[in-house]
Amino acid sequence: MDIDKLLLLLDAAIKEFYVKDKYLIQERVHERTCVARIAHYLQNMLDKDEAWRDLNADCEYNRQVPDEKLSDSCVCEESEYEMYSVYPDLIVHHRGYNDKNLLVVEFKHACNDSEKNRKKDIGKIKDMIKDPQKHYMMGVYVCLGRQRYTFQILR
């Protein structure tokens, strides 16, 4: 799969968001709402291309292929819970399979783009790329400004 083409699709989805949902960004509506709209546009683009149709653009996704070392019960140690409770803003993947975890994206409104928040999100992305269970090929940090956005690609 051409991961660079996927980046172009993400960029196009964000541009479409800025055109069609200008109100959300101008009024600084919550980040989750903005990301959901971007995921919607991205999913539409994925669905139009036969090579990408089996992929999903999901927000705040909290599942992965089960780790055999973890118990099925809801009771777990706090540190174990923290280790597995990372919910990226947006991922592009094939649900139920860890070998097609292609892209992990974190978003921030420009007004919340402090150095501390940026480092935390970039650290989260890098951890998900390095994690041998998750197998993400690439990550992107996106800062949503009122007029334009910035993109930082992490590999």
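Buried here means under 20% relative accessible area. With that cut-off in hand, strand 3 is a good place to start in this predicted model. Both of its faces are covered: Leu 103, Val 105, Phe 107 and His 109 are buried on one side, and Val 104, Glu 106 and Lys 108 are buried on the other. That makes seven of seven residues, so strand 3 is largely enclosed by the rest of the structure.

The neighbours of strand 3 in the sheet come next. Strand 2 runs antiparallel to strand 3, and three bridges join the two. Within this pairing, Ile 91 has Val 104 of strand 3 as its bridge partner. Strand 4 runs parallel to strand 3, and here the count is seven bridges. One of the facing pairs puts His 109 opposite Leu 144 in strand 4. Strand 4 in turn pairs with strand 5, this time in the antiparallel sense and over six bridges. Four residues make up the hairpin between strand 4 and strand 5, and Val 142 sits opposite Phe 151 of strand 5.

Then there is helix 1, which covers residues 3–20. Its 18 residues reach 26 Å from the first C-alpha to the last, close to the 26 Å expected at 1.5 Å a residue. At the start of the helix, a side-chain oxygen of Asp 2 comes to within 3.1 Å of the backbone nitrogen of Asp 4. The buried residues of helix 1 are Ile 3, Leu 6, Leu 7, Leu 9, Leu 10, Asp 11, Ala 13, Ile 14, Phe 17 and Tyr 18. They pack against quite a list of elements: helix 2 (22–26), helix 3 (31–48), strand 2 (90–93), strand 3 (103–109), strand 4 (138–144) and strand 5 (149–154).

Ile 14 gives a close-up of that packing. This residue of helix 1 has a relative accessible area of 0%, so it counts as buried. Setting aside neighbours within four places in sequence, the contacts of Ile 14 are Ile 38, Phe 107, Val 142, Leu 144, Tyr 149 and Phe 151. Several of these names have already come up in the sheet: Phe 107 is one of the buried residues of strand 3, Leu 144 stands opposite His 109, and Val 142 and Phe 151 face each other. The C-alpha of Ile 14 also lies 9.7 Å from that of Arg 148, a residue 134 places away along the chain.

On the charged side, the structure holds 13 salt bridges. In one of them, Lys 5 meets Asp 49, with the closest N and O atoms 2.4 Å apart. Lys 5 belongs to helix 1 and Asp 49 to the loop between helix 3 and strand 1 (56–59), so the pair ties together parts that are 44 residues apart in sequence. The two partners are not equally accessible: Lys 5 is partly exposed at 31% relative accessible area, whereas Asp 49 comes in at 19% and therefore counts as buried.

Another of the salt bridges brings together the side chains of Arg 118 and Asp 113, at 3.2 Å from N to O. Arg 118 is partly exposed, its relative accessible area being 28%. Lys 119 and Glu 115 form a further salt bridge, at 3.3 Å from N to O. Both residues lie in helix 5 (residues 115–130), four residues apart, or about one turn of the helix. Lys 119 and Glu 115 are both exposed. Elsewhere, salt bridges with shared partners join Glu 31, Lys 108 and Asp 121 into one network. Lys 108 of that network is also among the buried residues of strand 3.

As for the cysteines, the structure holds zero disulfides. Cys 143 is in no disulfide, and the nearest cysteine sulfur, that of Cys 111, is 8.6 Å away. A disulfide would need the two sulfur atoms within 2.5 Å, so a pair at that distance does not qualify. Cys 143 is buried, with a relative accessible area of 9%. Cys 34 is buried as well, with a value of 0%.

Key
Residues are numbered from 1 along each chain as its sequence is written. This is a predicted model: local features need pLDDT of at least 70, side-chain atom pairs count only at pLDDT 80 or more; totals for chains, interfaces and linings use all residues. Side-chain values use heavy atoms; hydrogens and water are left out. The expected span of a helix is 1.5 Å times one less than its number of residues. Buried means under 20% relative accessible area, exposed over 50%, partly exposed in between (1.4 Å probe, protein chains only). Contact means heavy atoms within 4.5 Å. A polar contact is a pair of N or O atoms within 3.5 Å; within protein, one must be able to donate a hydrogen and the other to accept it, and residues adjacent in sequence count only if both atoms are side-chain atoms. A salt bridge is a side-chain nitrogen of Lys or Arg within 4 Å of a carboxyl oxygen of Asp or Glu. Two strands pair if DSSP finds at least two bridges between them.
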